[in-house]
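Hi there,

Here is the structure I promised to pass on. Have a look at it first, and my notes follow below.

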Amino acid sequence: MSIWPYLQKIDQTADASFLGWVIASFSLGQMVASPIFGLWSNYRPRKEPLTVSIFISVAANCLYAYVQVPASHNKYYMLVARGLVGFGAGNVAVIRSYIAGATSLQERTSSMANTSACQALGFILGPVFQTCFALIGEKGVTWDTIKLQINMYTAPVLLGAFLGILNIILILAVLREHRVDDSGRQCKSINFEEASTDEVQVPQGNIDQVAVMATNVLFFVILFIFALFETIVTPLTMDMYAWTREQAVLYDGIILAALGVEAVIIFMGIKLLSKKVGERAILLGGLIVVWVGFFILLPWGHQFPKIQWEDLHNNSIPNTTFGEIIVTLWKIPRDHNEGPTGCPVEQAWCLYTPMIHLAQFLTSAVLIGIGYPSCNVMSYTLYSKILGPKPQGIYMGWLTASGSAARILGPVFISQVYAAWGPRWAFSLVCGMVVLTITLLGVVYRRLIAFSVRHGRIQE
């Protein structure tokens, strides 16, 4: 949340357009790195790509803390730092590959759900730490010996660097290579050299590439939909309910934090539900719930939002650059005046589109908060089962890359459509997209089965 004011502070030449590149650089870095680290983990001990990737993140976070030191071109140092942090985050492919290789089919869903719950917890706690560090202030304290300034902008990345070092120590000291087949029997692996008499060979057989491609598309759409939802929350609530920037940041922050807590609960419940109905049924049900959530968001009735007749000075959604969209969505004030509130008249649809009532929005948020985590964990759990007991690093890398692409494209899509045509068109298109996704799932439903089940080694 502090990137934009920090960028403005360190480099006066940085504009909203450049901010867009800074934001996108993280996902771009992750998209590039995921297949690389995944391929690496297929042929070498997983400690290697994990340690190297986290070290890159630590170094990038330290670089971010020092971007104010150079005399010029500071914004480019920030761009590189954020890109390298994203590059280090490509190790999520290695993590999912490790879990897939270290668990049997029966253990897989529960283990993936636990990992997703931890990830959701991180998304909840991250903004909390950022809020606490805001108490340090812009000036903070300076360690003159190493020219390190510790303030509200650098404290979060310094914490990230510390946690990264702690993670490297834990990986080297605690993590051990472990590989089992779909039945849970330990099998030989290229990732480690230890051998025992009870190891079995990795089963041979062809991977269903149609199922692999379909799951990648499903995962892309699922992350695309949630990325656009969390992007549109702030401008939607400001336009519909005439919230000020401060109110939007506070209320929407509470809503997103509540969705994070809801996601943790859903992840825990999925572990039990999947044993009774299976992953494919939960994935289908989650997509249906998401569709209902966006359908509820469609404007109805004869009540219209409050119209804002004055120029908002960056409070309305510009439709020029990705960076300006990000500035709008974050609503970081440039001055202390909140300015006028309501749906800006520059958005012509404000004059004829009915408002979305608060009850509609909250109901939709709850439903999307149920559907998204269900689809998310089920998609890559099914993916890991389709791939079978062979090393999955490169395949998991492509899955992570597709998710990164979704997080880049989702905000751009929804912001442009929302600004030009309004919520009715925006959410109608999303509903249509979900219907197509459900149709795709129906077409490949019977193919989304575990590798060992497909080859007749295990009964489904």
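**Aromatic rings and a buried loop residue**

Phe295 is partly exposed, its relative accessible area being 36%. Please keep in mind that this is a predicted model.

The ring of Phe295 has a partner in Trp300: the centres are 6.3 Å apart and the planes meet at 55°, so this pair counts as tilted, since the edge-to-face class begins over 60 degrees. In total, the structure holds 18 aromatic pairs.

Another of these pairs joins Phe219 and Tyr380, edge-to-face, with 6.1 Å from centre to centre and 75° between the planes. Phe219 belongs to helix H8 (residues 209–241) and Tyr380 to helix H12 (residues 358–387), so the pair ties together parts that are 161 residues apart in sequence. Both rings come from buried residues: Phe219 has a relative accessible area of 2%, and Tyr380 has one of 1%. Tyr380 has a charged companion as well, as the charged end of Arg96 sits over its ring, 4.1 Å from the centre.

There is also an aromatic cluster, made up of Phe226, Phe229, Phe294, Tyr372 and Phe427.

Away from the rings, I looked at Val180, which lies in the loop between helix H7 (155–173) and H8. Is Val180 buried or exposed? Val180 is buried, at 6% relative accessible area. Leaving aside neighbours within four places in sequence, its contacts include Gly101, Ala102, Ser104, Arg185 and Pro389. Thr103 is also in contact with Val180; these two are 77 residues apart in sequence, yet 6.4 Å apart in space, C-alpha to C-alpha.

Enjoy exploring, and best wishes!

Notes:
Residues are numbered from 1 along each chain as its sequence is written. This is a predicted model: local features need pLDDT of at least 70, side-chain atom pairs count only at pLDDT 80 or more; totals for chains, interfaces and linings use all residues. Side-chain values use heavy atoms; hydrogens and water are left out. Rings of Phe, Tyr and Trp (its six-membered ring) pair if their centres lie within 6.5 Å; planes under 30 degrees apart count as stacked, over 60 as edge-to-face and the rest as tilted. Helices (H or I, at least four residues) and strands (E, at least two) are DSSP runs, numbered from the N terminus. Buried means under 20% relative accessible area, exposed over 50%, partly exposed in between (1.4 Å probe, protein chains only). A charge sits over a ring if NZ of Lys or CZ of Arg is within 6 Å of the ring centre and within 35 degrees of the ring normal. Contact means heavy atoms within 4.5 Å.
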